[in-house]
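Dear colleague,

Please find below the structure that I agreed to pass on to you. I would be grateful if you could read the notes that follow it alongside the coordinates.

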Protein chains: 2
Amino acid sequence: MFHIIGEKINGTRGQVGRAIAGRDAAFIRSLAASQQAAGAHRIDVNAGTRPDREPDDLRWLVETVQEAVDVPLCLDSANPAALTAALAVARTAPLVNSITGEPARLNGVLPLARDHGCPVIALALDDTGIPADAGQRLAVIRRLMAATRGAGIDDADVFVDPLVMAVSTAGGAAVVALEVIAAVRAEFPRAHISAGLSNVSFGLPARHLVNRTFLALAVAAGLDCAICDPLDGELLATLRAAELLLGQDRHCLAYTRAYRAGLLGPGSRRS
Amino acid sequence: MFHIIGEKINGTRGQVGRAIAGRDAAFIRSLAASQQAAGAHRIDVNAGTRPDREPDDLRWLVETVQEAVDVPLCLDSANPAALTAALAVARTAPLVNSITGEPARLNGVLPLARDHGCPVIALALDDTGIPADAGQRLAVIRRLMAATRGAGIDDADVFVDPLVMAVSTAGGAAVVALEVIAAVRAEFPRAHISAGLSNVSFGLPARHLVNRTFLALAVAAGLDCAICDPLDGELLATLRAAELLLGQDRHCLAYTRAYRAGLLGPGSRRS
């Protein structure tokens, strides 16, 4: 089953940042509840604040979101102190977002995930940056998988992120991501593959169209998780259609259920 | 460049059938012109009538459509007498739709296409029907390609149709079609690959959503032609987004041009 991580509680977005600074719990709870209601399987929380404030802010976000939803969280931080503070109050093992091939980040974050029994997102970059081609990204991913296996983390608890870059700045960016997804699916069949979708359309008009079309292509390549906006109805409708077409929706049940619930977007009214 | 064949002039549709029977040229011309204006590279004509009437009806359709558009046509008939009548009045070599592995159809239609210098659509079926699995369909396609090559038709003038069946009746139908597309792209790189899109969603609600999502997946697999409704704005918008993501739209030019022309559908208004 495809795994949806709701992206909306991100302190780098102005309104969310202000809600965190002002401890506007009602606003944060509402953002969390609406994402769960729309089908999110996890809620991402990103405090988006300076390292000295981030432990307090991330802990408050976890506590606040947990008042509103019962799905598990995804802790979006590379700061071991913030992760430690948040892990202390998390009810269910959160997904730790993220480790990379950068030694400091790997050594700072991976032990925390292991010690708390948390799944992890592993980004295909290292201290030399984000490799441009699929082969080099796969090499980084192999080193990351060796590290998670070395730490005793099961492949099924690793969410590999191929890193989706903007097609407006590099025409082959989506192709590279799709190649990485297909290669990871073949080489690490038990690992999850997760991606943020919105980068791909950076700098373009009609971004939602590009995002949802990329999602369909990525699901075909092997993606089984996305950090995205679950309130984007057309995105979710495209996901249901892609699953149906790819033989991942037995007897079209999820698709027809979504249709009956009115979730298949404006397109459904045209048929 | 992706090749769009406008499907709307099909006599098996009630209103079009009545227009053919009543020789309503204005209606047919309007259907042709609107498809060309929406970006169709060819206009399919299907008389949908009994064999004894089809030669007259198809010839009339060709003459009528040619009054309205300057793009070439696609003659949708397996009837050699109707094709002969239509070829006699066609201004530009039409695409002949279609040959199959059925000996009578192959022997009846292929020589006509060869003698008139026409490209052909080759359907992956033979006298035993439509094979259920990709390997058997590919075997039929190999025999068809041997026949077109034997007739002196260049691979670049063959449009292989993998035959897209309904996912509502066979859950793996789209997967089989995608496998055939990828295999034909690899084995016959100069051939075109064309598909009718609407079968895939037969029996489902929100059919347009399924059709356009399938189109994105099929373009990723290697499809470069579709028989479809060019007036379906969201279908064309999805096509532009898929080309962009697959590195087939240098500097995003076609995409941004479509956006400026207001062609990227309702999604464009949400960004």
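The notes below cover the conventions, the overall fold, two helix pairs and the relation between the chains.

This is a predicted model, in which local features need pLDDT of at least 70, side-chain atom pairs count only at pLDDT 80 or more, and totals for chains, interfaces and linings use all residues. Residues are numbered from 1 along each chain as its sequence is written, chains are lettered from A and ligands numbered from 1 in the order in which they are written, and side-chain values use heavy atoms, with hydrogens and water left out.

Chain A contains 11 helices and eight strands (DSSP runs numbered from the N terminus: helices H or I of at least four residues, strands E of at least two). Its radius of gyration is 18 Å, close to the 18 Å given by the globule rule for 271 residues, so chain A is as compact as a globular protein of that length (taken over C-alpha atoms; the rule is 2.2 Å times the number of residues to the power 0.38). The C-alpha trace of chain A spans about 55 × 45 × 35 Å along its principal axes.

In chain A, helix α4 (residues 80–87) packs against helix α5 (residues 103–115) at an angle of about 10 degrees, with the axes 10 Å apart (lines fitted to C-alpha atoms over the stretch in contact; angles run from 0 to 180 degrees between N-to-C directions). α4(A) and α5(A) are therefore roughly parallel to each other (angles under 35 degrees; over 145 is roughly antiparallel, 65 to 115 roughly perpendicular and the rest oblique). Pro80(A), Leu83(A), Thr84(A) and Leu87(A) of α4(A) meet Gly108(A), Val109(A) and Leu112(A) of α5(A), contact meaning heavy atoms within 4.5 Å. The residues of this contact comprise five nonpolar, two polar and no charged (Ala, Val, Leu, Ile, Met, Phe, Trp, Tyr, Cys and Pro are nonpolar, Asp, Glu, Lys and Arg charged, and the others, Gly among them, polar).

Helices α9 (residues 233–245) and α10 (residues 253–260) of chain A pack at about 155 degrees, with their axes 9 Å apart. That makes α9(A) roughly antiparallel to α10(A). Here Arg240(A), Ala241(A) and Leu244(A) of α9(A) meet Ala254(A), Tyr255(A) and Ala258(A) of α10(A), a contact of five nonpolar, no polar and one charged residue.

A turn of 180 degrees and a shift of 0.0 Å along the axis lay chain B on chain A with an RMSD of 0.0 Å (least squares on the C-alpha atoms of residues with pLDDT of at least 70 in both). The two copies are thus related as by a two-fold rotation axis. The C-alpha of Leu217(B) is the nearest to the axis in chain B, at 2.9 Å.

With kind regards
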